[in-house]
Amino acid sequence: MTIAITPIAKETADLLAKLGVAGNTLSGGELSVHSPVTREQIAALRQVSPAAAASAIDKADAAFRAWRLVPGPRRGELVRLLGEELRAAKAELGRLVSIEVGKIPSEGLGEVQEMIDICDFAVGLSRQLYGLTIATERPGHRMMETWHPLGVVGVISAFNFPVAVWSWNAALALVCGDAVVWKPSEKTPLTALACAAIFARAVKRFGADAPDGLLTVLIGDRAVGEVLVDHPKVPLVSATGSTRMGREVGPRLAKRFARAVLELGGNNAGIVCPSADLDMALRAIAFGAMGTAGQRCTTLRRLFVHDSVYDQIVPRLKRAYESVSVGNPLETGALVGPLIDKAAFDNMQKALEQARANGGTVTGGTRFDSGHQDAWYVHPAIVEMPAQVAPVTEETFAPILYVMRYSDFDAVLALHNAVGAGLSSSIFTRDLQEAERFLGADGSDCGIANVNIGTSGAEIGGAFGGEKETGGGRESGSDAWKAYMRRATNTINYSNALPLAQGVSFDID
Ligand code: NAD
C-alpha cells in the first residue's frame with residue numbers, strides 16, 4: 001500500500017526519520033495507520049505473524065537470562081541513558097504523539113515528560129530494590145527476603161497514552177532485571193516504533209552488557225496480544241485498555257498462573273461540597289472532563305454537586321463547555337482535539353441518546369466541523385441527569401460529563417461507589433471531616449482519591465491503578481516495582497544445631 005503524501009503524512013515521516021525510524025518500514029504493510037487530526041493515512045505497517053511474535057519472545061527470554069545477572073545499579077544506567085535520549089527527543093516524540101493520538105501540544109509533550117520522570121524514578125530505584133531482614137525464632141539463624149528479576153514482561157498498551165504507559169512498565173522492568181516485549185495499540189504503533197529507536201540509541205551508548213532483545217515491539221492487533229498473553233515464557237503481562245479486554249486477558253493469564261497487572265477502564269467521579277472553592281473546582285472539572293477530549297482513563301465522567309452550590313457552579317460550567325475551543329490540536333489555541341475514530345463518535349452519540357431517554361438534559365455533544373470530513377471532532381457534552389442511571393454507570397470513552405445533584409453526604413458517597421470501575425476520584429471541599437471521610441475506609445473505593453484536585457493528571461511518584469473493574473493493577477511509582485520481581489524468603493542457619501520452627505521435633509538416630 002502506498003501512502004498519499006499529504007502534509008501530515010510527510011510531517012509524520014520526517015519526524016520518524018529524525019527519531020531514527022527507517023522510512024522503508026512505514027509503507028507496504030496491511031496495518032493502516034491514520035492520524036485522528038485529519039483521518040488521513042500516515043503509514044501502512046507490516047504486522048508481525050503469531051509465529052514471529054513467539055520467536056521474539058524466546059529471544060527476549062534469552063536476553064532476560066543475561067540481563068538478570070547485570071547488577072541493579074548498572075541496569076539503572078541504561079534507564080538513565082534512556083531518560084537522556086528521551087530528553088533529546090522530547091519535541092519530536094511529543095509532536096508525534098499529538099499527530100498519532102490527536103493530543104494538544106502541551107499534552108503530547110507532557111506525555112513525554114512523564115516518560116522522563118519515570119526514568120529518573122527508576123534510576124534511583126535501581127539502588128533501592130530492598131528486601132527485609134526479618135526476626136527469626138531460631139538461635140543462630142538469619143531470615144531475609146531477596147528480590148530477583150522475574151523474566152519477560154509483556155506490555156499491552158492502549159491508544160490514549162501510547163508511550164507513557166510503556167515507559168511506566170519498561171523503566172521499572174529494566175531496572176528490575178527483566179526484558180520487555182511490547183504490543184502497542186494497533187491505532188498508535190508509530191510512537192512505539194519511535195520509542196524502540198530511542199531505546200536502541202540508549203543501548204548503543206550503554207555497551208555490550210545489554211543483551212540483544214531487551215526490548216521488542218510487536219506490531220499487530222489483539223491476536224498478537226494474545227500470543228503474549230498465552231506464551232509460557234512471559235511470567236507477567238501488564239495490560240492497559242478497556243475492561244472488556246481485561247475480562248479476556250485476566251482469566252487467560254490466571255489459567256497459566258502468570259501475573260497480571262491490569263489497568264482497565266475508569267468511570268471517575270467528583271463531588272463538589274457546600275464549602276468547595278468553586279473557582280478551583282471549576283478549573284479542575286473542566287480539565288478533568290474535557291482534557292484529551294475525554295479520552296483519559298482518569299477523565300472525570302460523573303459529577304455530584306451539592307444542592308446549595310449547584311446553581312452557582314453548573315451554569316458556569318456550561319458556559320465553559322460552550323466556549324471551549326475545539327479544533328485541530330496541531331494549530332495553536334485548541335484545547336479539545338479529535339476523537340480517535342468514528343466508532344468513538346458513534347459510542348458517544350449512543351450514550352447521549354440513552355441519557356436523553358433517561359431524562360438527561362444535554363448541552364453540547366454535537367459534531368464539530370474541522371474541515372476534514374473524515375475526522376471526528378465533537379463539542380464536549382455536559383449532561384444534567386436526574387439520577388445515576390444508564391448510561392452514567394458505564395465508561396463511554398468520549399467527553400461526556402454527567403452532572404447530578406445531591407443533598408446528603410452518606411448518600412452521595414454510596415452513589416459515588418455504585419459503579420463497576422474504581423480508578424480515580426476527587427472531592428472539592430474545605431471541610432476536614434468530608435475530606436477525611438472521602439479518603440477513609442468507608443469513603444472512595446478507588447485506587448486514586450484526591451482532595452481539591454481533579455481526577456486526572458497523576459504524577460509518576462505514586463502507584464497508579466484502580467480497583468474493581470479497573471483491574472486492581474498498580475504501576476509507576478511507590479512500590480509498584482515489586483510486581484516486576486520475584487521474592488524469595490531465605491533462612492540461613494549459621495549455628496551447629498538444627499532447631500525446627502514451631503518447636504517441632506523430628507529426631508532420627
Ligand atoms: P482496548 O481494550 O480496545 O485495547 C487496548 C489494547 O489491548 C490494544 O493494544 C489491543 O490490541 C489489546 N487487546 C484487546 N483485546 C485483547 C485481547 N483479547 N488479548 C490481548 N490483547 C488485547 O482499549 P483502547 O480503546 O485502546 O483504550 C481505551 C481504554 O483503555 C479505556 O477503557 C480506558 O479507560 C483504558 N485505559 C486504562 C488505563 C489505566 O491505566 N487504567 C490507561 C489508559 C487507558
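## Helix 12 and its two faces

Let's start with helix 12, residues 409–417 of this predicted model. Its buried residues are Val412, Leu413 and His416. Because these three cover an arc of only 105 degrees around the axis, they sit on the same side of helix 12.

What about the face turned away from that buried side: which exposed residues does it carry? Look there for Asp410, Ala411 and Ala414. The buried residues, for their part, are covered by elements that include strand 10 (268–272), strand 11 (300–306), strand 16 (400–406) and strand 18 (424–428).

## A parallel sheet

Next, find the open sheet built from 5 strands, in the order 7-6-5-8-9, with parallel pairing. Strand 7 (215–217) and strand 9 (259–263) are at the edges with a single partner strand each, so one side of each has no neighbour in the sheet. On average, and ignoring direction, neighbouring strands here are turned by 15 degrees against each other. As a reminder, strands of a sheet pair through backbone hydrogen bonds, either parallel or antiparallel.

You can follow one pairing in detail. Strand 8 (residues 236–240) joins strand 9 in the parallel sense over 5 bridges, and Val237 stands opposite Ala260 of strand 9. Elsewhere, helix 6 (residues 189–206) lies across strand 6 (179–183) and strand 7. The angle between helix 6 and strand 7 is about 155 degrees.

## Around the ligand

How many residues surround the ligand, and which come nearest? There are 29 around it, and the nearest are Ala158, Gly225, Gly241, Glu263 and Cys297. By type, the shell divides into 11 nonpolar, 10 polar and 8 charged residues.

Helix 7 (222–230) and helix 8 (243–255) each give at least two residues to this shell. The largest share, 4 residues, comes from helix 7.

## A closer look at Gly131

Finally, turn to Gly131, in the loop between helix 4 (105–125) and strand 3 (133–134). Why does Gly131 count as partly exposed? Because Gly131 has 15 C-beta neighbours inside 10 Å, a number between the limits of 12 or fewer for exposed and 20 or more for buried.

Leaving aside neighbours within four places in sequence, Gly131 is in contact with Met144, Glu145, Thr146 and Trp147. Thr240 is 109 residues from Gly131 along the chain, and the C-alpha atoms of the two are separated by 28 Å.

Note on methods
Residues numbered from 1 in each chain as written. Predicted model: local features only at pLDDT ≥ 70, side-chain atom pairs only at ≥ 80, totals over all residues. Pairing = 2+ DSSP bridges. Axes fitted to C-alpha atoms, helices over the stretch in contact; angles between N-to-C directions. Contact = placed C-beta atoms within 7 Å. Arc of directions from axis to C-beta. Near = placed C-beta within 6 Å. Nonpolar A, V, L, I, M, F, W, Y, C, P; charged D, E, K, R; others polar.
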